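The exercises below are meant to be worked through with the sequence and the model side by side. Each one sets a task and is followed by a solution in steps.

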Amino acid sequence: SLVSGEAMGNAFRQHPGPAIYAPNQTPVTDDLLEVGLLVAFGMIGFSFLLIIPGIRSWERLWATIRVFVTLFIGASILVSNFGFGWYTDKICTRTQYKANVNPPDSPQEIQAVVGLLIGLRGINITLNEVDCGLSSTPYVRPFPGEKILYTEQFFWSNPWSQGRFGFGRYAGRFSQTFQADEFRGTPYPILWVAEYFTFDGEGLRWGRKFRQAGWYTHIFMWLAFALYLVSILLFIYVIRQGALFMLYMGLILCLAVFTYGMVIMNTTKMTIPFQDGTLNPQFGWSWWLTLVTGVFSVIVSIVILITNYIFPRQVAAFFHHTLIEEDEFFAVQDDELTTFDDQTKLKTGTFERRGLSRYRKTRKLSRGASAHRSRLQEDIPLTTVVISI
């Protein structure tokens, strides 16, 4: 006979009852959005690696360079846009754990690494208890039954408005979140750092400045991402136009990092004191990654434009294009201008016909590498033909 579900649930139990498990509280150590973006681009790159064996000869190398450079630029733009690494610093210090739990300079102080990560849409504050080696005696954890590892985020976006001064219902999102964390009992070092972003007066407007910098910079980042997508489409059809949009994208990225630096530097330098040092935030990995990506895009686009002008056939082969149209133009010599008589008949004129222009219209080749080579050999040479009428 079949065993009922209740009997199976009570198997190997002396006193049958509901299964109750202890809570498993796991701290968040990574930004899920950043990890998701990296995994998405990684999956695209891995999928391309699976089809590499089906690509012939040198086209395999050219396709690998094109795909991974494209993925690097796109991932850099999105990860920097949503990352908390524009302005960062950390310090290992002795500090009070929670307010009204242990007074300063008491034996119950903890040693921990306090980190500040500032992004375009908010800040991320971390607290990790470690042995900093700040005393001659071995560090003894004052709270052995608790693992002190916190990651708290405070946002000023959605909405981006500053709000009224204070922590009321009309205050900004950052101030309201700060007040909610005070009632929740967030560790004191995290509140100590976050409080500096709630000041908005007497020359201490760090929260306002970082919010403004994030607002302008994130607009430039989205514009750069839109140009990035357009450049990918244009590279499929017209190499020169794709390189131009790639150049615009690189300039926008450089403008984004310049704007962020100008806005946050136009205020008093942020310093957050602790017992054993001071937090002095500096430009972080997101700022430098955006700058490197912008400069790299500008350099690559200029190289493509120059090589496409000097070696159009080689550049067309690199992008898996073929030449399909000739660019013709007709010019009349100044000493033999074409005129018409009363009967609208053409009298005289000299026309110049150029076989192919250096700026070519191209399309994607669909017949394979062998057809590509034969098409290039049959191409019309760059010559000038004079036709007299």
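**Exercise 1. A residue in a loop**

Does N158 count as buried or exposed, judged by relative accessibility? Then describe the backbone at N158 and at the peptide bond that follows.

*Solution.* Keep in mind throughout that this is a predicted model.

Step 1. The relative accessibility of N158 is 59%, and the cut-off for an exposed residue is over 50%, so N158 counts as exposed.

Step 2. N158 is found in the loop between β4 and α4, and P159 is found in the loop between β4 and α4 as well.

Step 3. Although N158 is not a glycine, its phi is positive, at about 55°, and the peptide bond that runs from N158 to P159 is cis, with omega near 5°.

Step 4. A positive phi, of about 60°, is also found at H320, again not a glycine; the place of H320 is in the loop between α9 (312-318) and β8 (321-323).

**Exercise 2. Salt bridges and what they join**

Find which parts of the chain are tied together by the salt bridge of D276 and R94, and describe the salt bridge of D181 and R184 in the same manner.

*Solution.* Side chains of opposite charge can pair when their charged atoms come close.

Step 1. The count of salt bridges comes to 7, and one of them is formed by the side chains of D276 and R94, at 2.9 Å from N to O.

Step 2. Because D276 sits in the loop between β5 (272-274) and β6 (277-279) and R94 in strand β1 (residues 87-95), the pair ties together parts that are 182 residues apart in sequence.

Step 3. D276 counts as partly exposed, at 28% relative accessibility, and R94 counts as partly exposed too, at 27%.

Step 4. The side chains of D181 and R184 meet in a salt bridge at 3.1 Å, N to O; both residues lie in helix α4 (residues 173-184), 3 residues apart, which is about one turn of the helix.

Step 5. D181 counts as buried, with a relative accessibility of 6%, whereas R184 counts as exposed, with 53%.

Step 6. D181 and R184 are linked with E152 in a network of salt bridges.

Step 7. In a further salt bridge, the side chains of D200 and R205 meet at 3.2 Å, N to O; D200 counts as buried at 18% relative accessibility, while R205 counts as partly exposed at 32%.

**Exercise 3. A helix pair and a nonpolar patch**

Describe how α2 and α3 pack, and state which residues make the nonpolar surface patch.

*Solution.* Two packed helices are described by the angle between their axes and the distance between the axes.

Step 1. For α2 and α3 the angle is about 175°, and the axes are 10 Å apart.

Step 2. An angle over 145 degrees counts as roughly antiparallel, and therefore α2 is roughly antiparallel to α3.

Step 3. On the side of α2, the residues making the contact include L33, L37, F41, F48 and L49, and on the side of α3 they include A63, V67, F68, L71 and F82.

Step 4. The nonpolar surface patch, of about 500 Å², is made by F46, L49, L50, I51 and F68.

Step 5. Helix α2 (residues 32-51) gives the most to this patch, with 4 residues, and F68 lies in helix α3 (residues 59-82).

Step 6. L49 and F68 are named both in the helix contact and in the patch; F68 is partly exposed, with a relative accessible area of 32%.

**Exercise 4. Two buried residues and their contacts**

Which residues does N124 touch, not counting residues up to four places away in sequence, and which does P142 touch on the same terms?

*Solution.* Locate each residue, then list its contacts.

Step 1. N124 lies in strand β3 (residues 122-129) and counts as buried, at 8% relative accessibility.

Step 2. The residues that N124 touches are F84, G115, L116, L117, T151, E152 and Q153; of these, E152 is also part of the salt-bridge network with D181 and R184.

Step 3. P142 has its place in the loop between β3 and β4 (149-155) and counts as buried, at 18% relative accessibility.

Step 4. P142 touches Q108, E109, I110 and E129, and the C-alpha atoms of P142 and Q111, 31 residues apart along the chain, are separated by 9.7 Å.

Conventions: Residues numbered from 1 in each chain as written. Predicted model: local features only at pLDDT ≥ 70, side-chain atom pairs only at ≥ 80, totals over all residues. Heavy atoms only, no water. Patch = residues over 30% accessible without salt bridge, like charges linked within 9 Å, V, L, I, M, F, W, Y side chains within 5 Å. Areas by Shrake-Rupley, 256 points an atom, 1.4 Å probe, with all protein chains shown as cover. Salt bridge = Lys/Arg side-chain N within 4 Å of Asp/Glu carboxyl O. Helix = DSSP H or I, 4+ residues; strand = E, 2+ residues; numbered from the N terminus. Buried < 20%, exposed > 50% of the residue type's maximum accessible area, 1.4 Å probe, protein only. Axes fitted to C-alpha atoms, helices over the stretch in contact; angles between N-to-C directions. Parallel < 35°, antiparallel > 145°, perpendicular 65-115°, else oblique. Contact = heavy atoms within 4.5 Å.
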